[in-house]
Amino acid sequence: MFGSGVLRGMLVTLRHFVETYTEDPRRVKARAATPNAVRQTPNDARGLFTVQYPEEKLAIPERFRFYPMLIVDGTTGQDWCTSCGICAKVCPPQCIWIVRGTQPNGKPKPEPEEFYLDTTICMQCGYCAEFCPFDAIKMNHDYELSAYERHESAIYNKEMLSVTTTFYARTHPRAWAEESAVRAEKEARDKAKAAPATPAPAPVAAAPAPGPAPTGAASTRP
Amino acid sequence: MAAVIDPLIHTSPAPSLDQAFPDVVSIDAGGATVVQADRLLEVSRYLRDQMGYTYLANMTAVDYPDHLEAVYHLYPMKVIGNEPSQGLIIKAHATDKDDPVIPSVTSVWPGANFQEREVYDMYGIRFAGHPYLRRVLMWDGFEGWPLRKDYHEAYYEGDTKPFASRWPGGHHVRAEERARFARNVAYPRHWDPAKATSPDESLPVVDVSELNTIHTQKFVINMGPQHPSTHGVFRMQVTLDGETVVDVMPVIGYLHRNHEKIGERNMWLQNMPFTDRLDYFCSMGNNTGYALAVEKLMGVEPPERAEYIRVIMQEFTRVQNHLFGLGQFLSDLGAFFTPILYAIENRELILDLFEMTSGSRMMCNYMRFGGVAYDLPPEFMPLAHELAFERLPREIDELEEYLTANEILHSRTIGVGVLPAEAAIGLSISGPLLRASGVKYDIRRHQPYGIYDRFDFEIPTRPNGDLYDRYLIRVAEVRQSIRILQQAFNSLPDGPILAGRKAWQIRVPKGEAYGRVENPKGETGFFVVSDGTANPYRYHVRAPSFVNIQALREMSIGFKIADIVANLGSIDIVLGELDR
Amino acid sequence: MADAPGNGQNGNSSQSYELRLMTEEEFMAEDAAPPGILVTTFSKLLDAVNPAYNWGRRYSMWPMQFGLACCAIEFISQAASRYDFDRFGWGLTRASPRQADVMIVSGTVTKKMLPQIVRLYNQMAEPKYVISMGCCANGGGPFKEGYNVVSGIDQFLPVDVYIPGCPPTPQAFLHGLMKLQEKVDAERVQDVAWYRRGQTEEIPVPILGPDLIDPRQVPELQVALKAAEAERKAADEAAKLAAAAALAPALAALAAGQAQAGQAQGPAPTTGAETLPSGKPKPISGKVAKAMRERGLTPGVDPIPADLLPPGAGQGD
């Protein structure tokens, strides 16, 4: 019959409409399980699909990358960045500027004096974090960065980029655990090698216990 | 039902080029055939008519210190069983850099039209005999040939990255402050900016048709670059007789972001995130294409698991692209907005998978030379499994349930926007568009890359080449992709994901390579030339949208103005790669 | 804006047709009115209207249906089922600029597209807002170095909210959307520009000449070009002189080569790098280069500041 195809199509949309009201209440409970963060699984995502941002937010996967951040040791306040410049070199749009520090004797100091990231150029590819040999630059999850102005605030300097290890361990628990293990292993190896000659150096950073599971809410920069 | 044209099969092999044209062709160091420029047309005809190279996949140019070189990548549409078809590369040189001329091959392969215009735009090579040789990506009146090696743009900082000003003394400075008036911009001598005018964009004069007694006028209307149906910043000049389309002229370049110029300055690895932004729906596919091209040069092969992950990612990409494309297409037909809203639900769930794996929803930057960047996270498998085995099959059934039998869809699409098979091959059309015209050609099957030869899937074709077929072909391809996904999940091995160590300074051996993948929109090809350094000497993207858009004229003439919008939707263009 | 005291402070009241009762000062004087009589200003009365006025506007913004690049896809995503910006009353995207309240510049602004964007903006009716979405629209983004890319739409249009990201995720866009709502909320009907005559002006449409030309910068560009032309002439003459002096033919050829190189470079001012007889620029010493970098100059591109020149070079002492 002519028109039956159209009618069948409308039945499908009607079904969706009804599901919005029948499926959604069932899922409200599941949503509440993670405060502020919604996870949608393929079969669960029926009925009303909308995430009620800003009241609830979508859970952020750990690997999510927005702008980079610099890791600063939470206990000593020491930059992990050694100003080796790999991130600045590998950056595809060349949006990282680093001034290498100098020691009083004129030799380069393994610490950046200045570190700039032009957020109007950065393409968030994550290469800086991927190729940093010191785990000193990572990708931040904070995406709520809209501003009324860009000429002053869009160039992030070292201060704005720096976060503590604690913060990083909270947002990236899995990566933190893996990297800590690698570092501990390397340290042990170095210690074993250097043991006869020098006294064991104090551990650089005690791995803070990973905080609660990431809530998905983009935390503000500390 | 018209018979599906299985590509032209040649039984008797013709004499090879160097036998037929002994004094015209020579073989260069890389094994490519160099043809004397003045005999190019003759050789091209022979290649097409006698040797069966009916499909000009890619055409571009390279700027060498002493000459400009036009490069043509040809493939036969010859399929016998699953035997991979071998491509042929021919080249022609133009030695006079002040006025380089090469004969146009548009009369042999009409698909060269836009590609030659692009080469003219970027290199200034004049193609003698080209029907409409004007700038295509830049505007008329633009000064300079941007892709020549001696062209420097306003913010030029150095020939190669990384720039020395970033480290160790990297004080931030904005490029526009450093080069206020763009010192490198070549303004013509004695030119007064006060008298500058934009190029004449006035449309051709209205002409009175001499049809019968009623005085009707042909008139030209301009759609775009800001138009809700143009999928971005695409413009077309449509000549109408009443409501019937007489001519269509795509005007592009409104999103020309200089990928190739930037790509030649980047290091090899740095191009990977830029490929994301070509076809921004299918970053996984673009990544793979680029990785394939460079891997060919480097001679590395990804480990087994990485190959499987690549297939999974590409097929998910195809599913989400086709779903979104169908949604857009139906919006263009007037089905606001149910199909696209349903499609986006599924797309979002696929993007979630991309995000948890690669870190970004759209700009995945996931492939590396010799593998992939990260392993799949533990939460990937359950979700992906659920999606591939349960949700997507169900959703595609539902899509068919509410659309395929829809009478309104039928009356808008059946018999409209027909693109015949021969025309499609001639215009170098690729992807679903080609298969909807009845040509059974799919790079995954006919020149398998990665591990596609291990999967059991069909290449859907449709016989009529109209809008409805293009709708059906995408639905069928989604089903096949789901099949591939299911097989891949069932046999995904464990193991490493990257051959060798992660490295950012990559030196690629001298040579050139063309990596082509079957992206959802068609053949995405990356032509790279390496001179043995850390940066590509030439980086060219053969974008399916750019070539496929040439079909718009062919399929729209004689139909109504409203069908143009639908035709455009059915080509499924994306401006990022159309303009690059 | 928010701290501007009432009406009548700026602008000629005979020209603007704002409703004006009295200035704050006058009001302060009147404040000493006998008790029992309520004295107020029109401005204060309007303050009572503002919440409703802004509430209505911020929840019925109609964006222009207009997408430029990758960000437009994220814009579509956030307009669709999952994020649904119709919850904010923004769902009615209009294809016509005449009906739109907010322009979302979603993606890379190219020089070829820019005149159209400016025209569209000019065609929008006040009140109008611009959201710059993504790195490219904010400041050129990763493609900034390209020859066809505009480094930031704010060079031409007044931008209200910048949303960083490449591309911003849908939620990041919604955050920017709410930022604009906040901005709208802070506006006061007494201050807004669109009820005043002559406060808004059209933005001159850029010209696509040999390169993109901003009509507002033409005089400046003319000066720059004249300087370049003079320089080029001087170089030509120097070359001629060198040839006329009938020096060694090799030297003459070299000078001609230099002049040619100068021409190919366009109107390039002296780069400060001296030229060695080999034709290659003399390398700048590391110390000078470092000092130049500290001043934000690029060695080899920018002229060397006079005080950094090695003694004896240039100054004839």
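**Chain C, helix 3 and helix 6**

I began with helix 3 (residues 70-79) of chain C and helix 6 (residues 170-185) of chain C in this predicted model. I found that their axes come within 9 Å and cross at roughly 80 degrees. That angle makes helix 3 of chain C roughly perpendicular to helix 6 of chain C, because angles of 65 to 115 degrees are classed in this way. I listed the residues in contact: helix 3 of chain C contributes Glu74(C), Phe75(C), Ser77(C) and Gln78(C), and helix 6 of chain C contributes Pro170(C), Phe173(C) and Leu174(C). I sorted the residues of this contact into four nonpolar, two polar and one charged.

**Chain C against chain A**

I next looked up the interface of chain C with chain A. Here 35 residues of chain C are in contact with 28 residues of chain A. The two chains bury about 2,600 Å² between them, and 56% of this area is on carbon and sulfur atoms. I asked which three residues of chain C supply more of the area that chain C buries against chain A than any other three. They are Arg82(C), Tyr162(C) and Gln171(C), with 26% of that area.

I then looked for salt bridges and noted a count of one between chain C and chain A. The side chains of Asp154(C) and Arg150(A) meet in a salt bridge, at 2.7 Å from N to O.

**Chain C against chain B**

I turned to the contact of chain C with chain B, which takes 67 residues from chain C and 73 residues from chain B. The area buried between these chains is about 6,300 Å², of which carbon and sulfur atoms give 59%. On the side of chain C, I noted Lys112(C), Glu145(C) and Tyr147(C), which supply 14% of the area that chain C buries against chain B, more than any other three residues.

How many salt bridges are there between chain C and chain B? I recorded a count of five. I looked up the salt bridge of Glu348(B) with Arg82(C), in which the closest N and O atoms are 3.1 Å apart. I had already entered Arg82(C) among the three residues named for the area that chain C buries against chain A.

**Chain B, helix 8 and helix 10**

Within chain B, I examined helix 8 (residues 304-333) and helix 10 of chain B, which pack at an angle of about 30 degrees with their axes 12 Å apart. I class helix 8 of chain B and helix 10 of chain B as roughly parallel to each other, because angles under 35 degrees count as such. Their crossing is left-handed.

I wrote down the residues that make the contact. From helix 8 of chain B they are Ile312(B), Met313(B), Phe316(B), Val319(B), Leu323(B), Leu326(B) and Leu330(B). From helix 10 of chain B they are Phe380(B), Ala384(B), Leu387(B), Leu392(B), Ile396(B), Leu399(B) and Leu403(B). I found that the residues of this contact divide into 14 nonpolar, no polar and no charged.

**Chain B, helix 10 and helix 15**

I followed helix 10 (residues 380-403) of chain B to helix 15 (residues 467-490) of chain B. Their axes come within 10 Å and cross at roughly 160 degrees. Are the two helices roughly parallel or roughly antiparallel to each other? Helix 10 of chain B and helix 15 of chain B are roughly antiparallel, because the angle is over 145 degrees. Helix 10 of chain B passes helix 15 of chain B in a left-handed crossing. I divided the residues of this contact into 17 nonpolar, three polar and three charged.

I took Gln486(B) as one residue to follow in helix 15 of chain B. Leaving aside its neighbours within four places in sequence, Gln486(B) is in contact with Ala388(B), Phe389(B) and Pro393(B). I also looked up the separation of Gln486(B) from Val43(B), 443 residues away along the chain, and entered 46 Å between their C-alpha atoms.

**Backbone entries**

I closed with the backbone. A cis peptide bond joins Tyr53(A) and Pro54(A), with omega about 0 degrees. I placed Pro54(A) in the loop between strand 1 (37-38) and strand 2 (57-58) of chain A.

Another cis peptide bond joins Trp167(B) and Pro168(B), with omega about 5 degrees. I placed Pro168(B) in the loop between strand 7 (126-128) and helix 4 (175-178) of chain B.

I also entered Asp135(A), which has a positive phi of about 55 degrees although it is not a glycine. Asp135(A) lies in the loop between helix 3 (127-131) and strand 6 (137-139) of chain A.

Notes
Residues are numbered from 1 along each chain as its sequence is written. Chains are lettered from A and ligands numbered from 1 in the order in which they are written. This is a predicted model: local features need pLDDT of at least 70, side-chain atom pairs count only at pLDDT 80 or more; totals for chains, interfaces and linings use all residues. Side-chain values use heavy atoms; hydrogens and water are left out. Axes are lines fitted to C-alpha atoms, for helices over the stretch in contact, and angles run from 0 to 180 degrees between N-to-C directions. Helices (H or I, at least four residues) and strands (E, at least two) are DSSP runs, numbered from the N terminus. A crossing is left-handed if the near helix is turned anticlockwise from the far one by less than a right angle, and right-handed if clockwise. Ala, Val, Leu, Ile, Met, Phe, Trp, Tyr, Cys and Pro count as nonpolar, Asp, Glu, Lys and Arg as charged, and the others, Gly among them, as polar. Contact means heavy atoms within 4.5 Å. Buried area is the accessible area (1.4 Å probe) that two parts lose on being put together, summed over both. A salt bridge is a side-chain nitrogen of Lys or Arg within 4 Å of a carboxyl oxygen of Asp or Glu.
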